[in-house]
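Me: Hi! I'd like to go through this structure with you, one question at a time. Could you take me through the reasoning behind each answer?

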Amino acid sequence: MTEPLRFGLVGCGVIGPVHAEAIASLPDALLIAAADLDFARAQKLVGKYGGTPYHDLQSMLQRERLDVVIICTPSGLHGEHACLVMRSGRHVIVEKPMEIRREALDEMLRVQQETGMKLAVISQHRFDPASQQVRQLVEEKAFGRLVMGNAIIPWWRSQAYYDSGAWRGTWKLDGGGVLMNQSIHSIDLLQWLMGPVKSVMAYTDTLAHRIETEDVGVAALRFTNGALGVIAATTAAYPGVTTRIELFGSQGSAIIENDELTLLHLARDEKEAAGDYGVITKTKPTEPGQQPNSSGASANPAAIVANSHALQIADMIRAIRENGTPLVDGYAGRRSVEIILSIYESARTHREVTLL
Ligand SMILES: NC(=O)c1ccc[n+]([C@@H]2O[C@H](COP(=O)([O-])OP(=O)(O)OC[C@H]3O[C@@H](n4cnc5c(N)ncnc54)[C@H](O)[C@@H]3O)[C@@H](O)[C@H]2O)c1
């Protein structure tokens, strides 16, 4: 029988324990060690999930036999840490965003090519059943011509959340505000479902928090397939409302709300075609007691369940075992960051920005 893959983890703050929980749920994965500059956090994590605690990544890499290391440190350190891991001959899974600067993204891809190690970037919502179903329908061209794709992210983060880590809401380490940190999930899903973004026109502002970066941003998009779209995002919408990904096409529409497919209407499933004024489509009714408007990470950054992370870690294990490619590799991980950097540039220059 093959031995489970041996995992290390760096960064034991909010998201580190979610990875530890995900690893614990996978039979082919074993947590060997965890590192954090705040040693007590590393100790606490291994106290619950097993393994050896370390103060820093370098000594963990030197002392432990590891196959894969997961990077859960502040976003602006992802490149440095991922390159260190790949150069030490280990595969790497990096939390989102892959990095916050273009040069660092390029360096990560260069090191990945040089070392031949595998690089996966967390975008766990690609593994949600609703996202998978809509992506499958896009591949079947079930929506006809895609005309519009929107990502709406009216989330809430308190000032205390931003104050809970010196890196939060800074350009240097968070790389941006609501767009780079919270909305990257939805932006990645939107471009994965709609196809690549060609150009953006955007506004951003900081309206309700004491932070350097934006807490509200809107962008008009043109996709390479000709469709248009909108990203509208904030962390100042109290109490944190449903995230929506909307896809509209000439032969069908889909809406994903908080990871659930709440509307799917395809011409191919109809007995009769829609009339000149279309059809009245009801979204899935809300169950009694259910509160779709204030659930999940829209209101609470710690309310992230480990299931989707486990699916993505399992996808990396598959890629390693089969010598294949992870679903979200470095090239895929870079795309959403490119869109966000282009939005920032457009907001700064008041110009349309075409993506490279
Ligand atoms: N996929 C998701 O849903 C999700 C959710 C939350 C956070 N994230 C991402 O995970 C990363 C971490 O976010 P967080 O909210 O857990 O942050 P956090 O501040 O809670 O945790 C980061 C940890 O890294 C440690 N650290 C900092 N520099 C270090 C270094 N050089 N070496 C070792 N440890 C170091 C800190 O002490 C801290 O414990 C960010 O990139 C964030 O965007 C992803």
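Me: How far is an oxygen atom of the ligand from an N or O atom in the side chain of His185?

Reply: Happy to help, and please keep in mind that this is a predicted model. A polar contact needs a pair of N or O atoms within 3.5 Å. An oxygen atom of the ligand and an N or O atom in the side chain of His185 form such a pair, and their distance is 3.3 Å.

Me: How much of the accessible area that the ligand has on its own does the protein cover?

Reply: The starting point is the ligand on its own, with 850 Å² of accessible area. The share of that area covered by the protein is 88%.

Me: Which residue has a side-chain N or O atom 2.6 Å from an oxygen atom of the ligand?

Reply: Let's start with the residues closest to the ligand, which are Asp36, Arg41, Ser75, Lys96 and Trp167. A backbone contact can be set aside here: a polar backbone atom of Leu37 is 3.3 Å from a nitrogen atom of the ligand. The side chain that places an N or O atom 2.6 Å from a ligand oxygen belongs to Arg41.

Me: How many nonpolar residues does the shell around the ligand have?

Reply: In total, 26 residues surround the ligand. By class, nine of the shell residues are polar and six are charged. The nonpolar count is eleven.

Me: What space lies in the largest cavity?

Reply: Searching the whole structure for cavities of 30 Å³ or more gives one. The space in the largest cavity is about 60 Å³.

Me: Which helix gives the largest share of the lining of the largest cavity?

Reply: Two helices, α8 (184-194) and α10 (330-349), each supply at least two residues of this lining. Among the lining residues are Ile184, His185 and Asp188, and the largest share is three residues. That share comes from α8.

Me: How many charged residues are in the lining of the largest cavity?

Reply: The lining includes Lys96, Pro97, Met98 and Val121. By class, six of the lining residues are nonpolar and four are polar. The charged residues number two.

Me: Which residue does a cis peptide bond join to Lys96?

Reply: The bond has an omega of about -15 degrees. The partner of Lys96 is found in the loop between β5 (91-94) and α5 (102-115), and it also lines the largest cavity. That partner is Pro97.

Me: What is omega near for the peptide bond from Tyr238 to Pro239?

Reply: Pro239 sits in the loop between β10 (228-234) and β11 (244-249). The bond from Tyr238 is cis, with omega near 5 degrees.

Me: Which residue has a positive phi of about 75 degrees although it is not a glycine?

Reply: The place to look is the loop between β12 (252-257) and β13 (260-266). The residue with this positive phi is Asp259.

Me: What radius of gyration does the chain have?

Reply: The chain has ten helices and 14 strands, and its C-alpha trace spans about 70 × 50 × 45 Å along the principal axes. A compact globule of 356 residues would have a value near 21 Å, so the chain agrees with that rule at 21 Å.

Definitions and conventions: Residues are numbered from 1 along each chain as its sequence is written. This is a predicted model: local features need pLDDT of at least 70, side-chain atom pairs count only at pLDDT 80 or more; totals for chains, interfaces and linings use all residues. Side-chain values use heavy atoms; hydrogens and water are left out. A residue is near a molecule or strand if one of its heavy atoms lies within 4 Å of it. A polar contact is a pair of N or O atoms within 3.5 Å; within protein, one must be able to donate a hydrogen and the other to accept it, and residues adjacent in sequence count only if both atoms are side-chain atoms. Accessible areas come from the Shrake-Rupley method with a 1.4 Å probe; for residues, only the protein chains shown count as cover. Ala, Val, Leu, Ile, Met, Phe, Trp, Tyr, Cys and Pro count as nonpolar, Asp, Glu, Lys and Arg as charged, and the others, Gly among them, as polar. On a 1 Å grid over the protein atoms alone, a cavity is a set of points where a 1.4 Å probe fits but cannot get out, and a pocket is an open set with protein on both sides within 12 Å along at least five of seven lines; lining residues have an atom within 4 Å of a point. Grid points are joined across faces, edges and corners, and a volume is the space filled by probe spheres set on the points. Helices (H or I, at least four residues) and strands (E, at least two) are DSSP runs, numbered from the N terminus. The radius of gyration is taken over C-alpha atoms; the globule rule is 2.2 Å times the number of residues to the power 0.38.
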